[in-house]
Amino acid sequence: MADREFRAVALAAERGDRRLFDDIDFTLSPGQLLQVSGRNGCGKTSLLRILSGLSRPVAGQVYWGDEPIQSVDGGTGSCLGYLGHQNALKEDLTAEENILIAGGLGGGRPDREAVLAMLASLGLAGYEDLPVRYLSQGQKRRVALARLLLQPRALLILDEPYAALDVQVIDVLRSAIEAHLERKGMIVITTHQAVDIDGDCHKLQLG
Amino acid sequence: MFRPLLALLRRDLTLALRRPQDALTVVGFFVVVVALFPLGIGPDPEFLRSLAPGVLWVAALLAVMLSLERLFSDDYRDGTLEQMLLVPEPLGLLVLTKIFAHWLITGLPLVLISPLLAVQLNLRPDEILILMAALLLGTPILSLIGAIGAALTLGLRGGGVLIALLILPLYAPPLILGAGAVDAVMHGASAQAHLSLLGAMMVFALFATPWATAAAVRIMLD
């Protein structure tokens, strides 16, 4: 899936006047997972936003292959998918519409059958036609995950993907992550829970 | 390359249809403000006629202003704006698409309802035609310039008031040209100069403002 390495070189970030972290270096090769851990407020989310090109680091640079992440051919979004704290769902649209539109925005020709199958595998069968407003927190998170997993991106950046999920869905997500690694995808993940993922896992401790 | 833009346009229009009150408030505001003027300044038809271009244009400015705060703030709050930065399309084009949707939802209805209000203010048919042409050229400028203000005030408390302070001074040129076009016809002159300048301004805004807005969005989301 991915044919390039994802590298961070000497990253540093600040919030206000406080240095969050300094000199973060890592290289992620296809098929590898990086788990970022650390206390609350140590800069996990800031790091993930920098890695996905949404924020600029105070120092250092993120590379996709040899290109800086902001100037990748075809845009940052063509190589990575990002799931932040917010689910990025439109409350007035149904789960299915949300995913189809996100697929269209990504430049794909989204397949309705695949969307329904993905929603069903995340335990949302029967909820496709309901405006997202009427779903619970956990269900909204699942819709956001379904959207992310349906976009064929080489690198997935997941910020607390397990938040508000129940045990069954955590299992589904874990197998989706393992499948992604097997396809030579890359994953950067933050979580407070222990994850036992089969694959080439690396750890990065912040703070 | 146009598929993502079409998807975004369709999304914004669908959302507007699911929540028609947002668009209707803008039109309602426009109608009420214009309708209040005759009550305040008396029913003398000739006097109303001489005030009509200015009244209609200022009411249109304020109505568009009212709708600007929501242009990006909804997407900002639920995180879809952040995802939009990751769409493999130039952000300027996405922003332009959103502005176009905004104009279809708020600006175009104002153009379409303006003849009714113009009749109320005693404008003649040929003046009404020029008024509509001027609004058709002018309201996109209002949306385009306003988008910069909407982006710069993302996530700020009291953003609505701040937008007004930032943007209303920039609305002076379209106001002068738009109201001037109708005034010119009233006094027997041609409105062509005003309309041409308004058109030129729209083309310039069309090319320049989406990139400024995109830069502002990036900064506010950093």
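**Exercises on a two-chain model**

In this predicted model, strand E3 (residues 32–37) of chain A pairs with strand E8 (residues 186–190) of chain A in the parallel sense, over 4 bridges.

**Exercise 1.** Determine in which order the strands of the open sheet that contains E3 of chain A are arranged, and identify the edge strands.

*Solution.* Begin with the pair E3 and E8 of chain A; within it, A:Val36 has A:Thr190 of E8(A) as its bridge partner. Next, extend the sheet on either side: its 5 strands follow the order E6-E7-E8-E3-E9 in chain A, with parallel pairing. Strand E6 (80–83) and strand E9 (200–205) of chain A each pair on one side only, and are therefore the edge strands. Finally, neighbouring strands of this sheet are turned against each other by 15 degrees on average, direction ignored.

**Exercise 2.** Assess whether the radius of gyration of chain A agrees or disagrees with that of a compact globule.

*Solution.* First, take the chain length, 207 residues, for which a compact globule would have a radius of gyration near 17 Å. Then compare: chain A has 17 Å, so the value agrees. As further description, the C-alpha atoms of chain A fill a box of roughly 50 × 35 × 35 Å along the principal axes, and 44% of the 207 residues are buried.

**Exercise 3.** Describe the side of chain B that touches chain A.

*Solution.* Start with the residue counts: 21 residues come from chain B and 24 residues from chain A. Next, locate the helices on the side of chain B: helix H1 (2–18) and helix H5 (80–85) each supply at least two residues, and H1(B) gives the most, with 8 residues. Lastly, sort this side by class: 9 residues are nonpolar, 4 polar and 8 charged.

Note on methods:
Residues are numbered from 1 along each chain as its sequence is written. Chains are lettered from A and ligands numbered from 1 in the order in which they are written. This is a predicted model: local features need pLDDT of at least 70, side-chain atom pairs count only at pLDDT 80 or more; totals for chains, interfaces and linings use all residues. Two strands pair if DSSP finds at least two bridges between them. Axes are lines fitted to C-alpha atoms, for helices over the stretch in contact, and angles run from 0 to 180 degrees between N-to-C directions. Two residues are in contact if their C-beta atoms, placed from the backbone, lie within 7 Å. Ala, Val, Leu, Ile, Met, Phe, Trp, Tyr, Cys and Pro count as nonpolar, Asp, Glu, Lys and Arg as charged, and the others, Gly among them, as polar. The radius of gyration is taken over C-alpha atoms; the globule rule is 2.2 Å times the number of residues to the power 0.38. A residue is buried if 20 or more other C-beta atoms lie within 10 Å of its own, exposed if 12 or fewer, and partly exposed in between; C-beta atoms are placed from the backbone.
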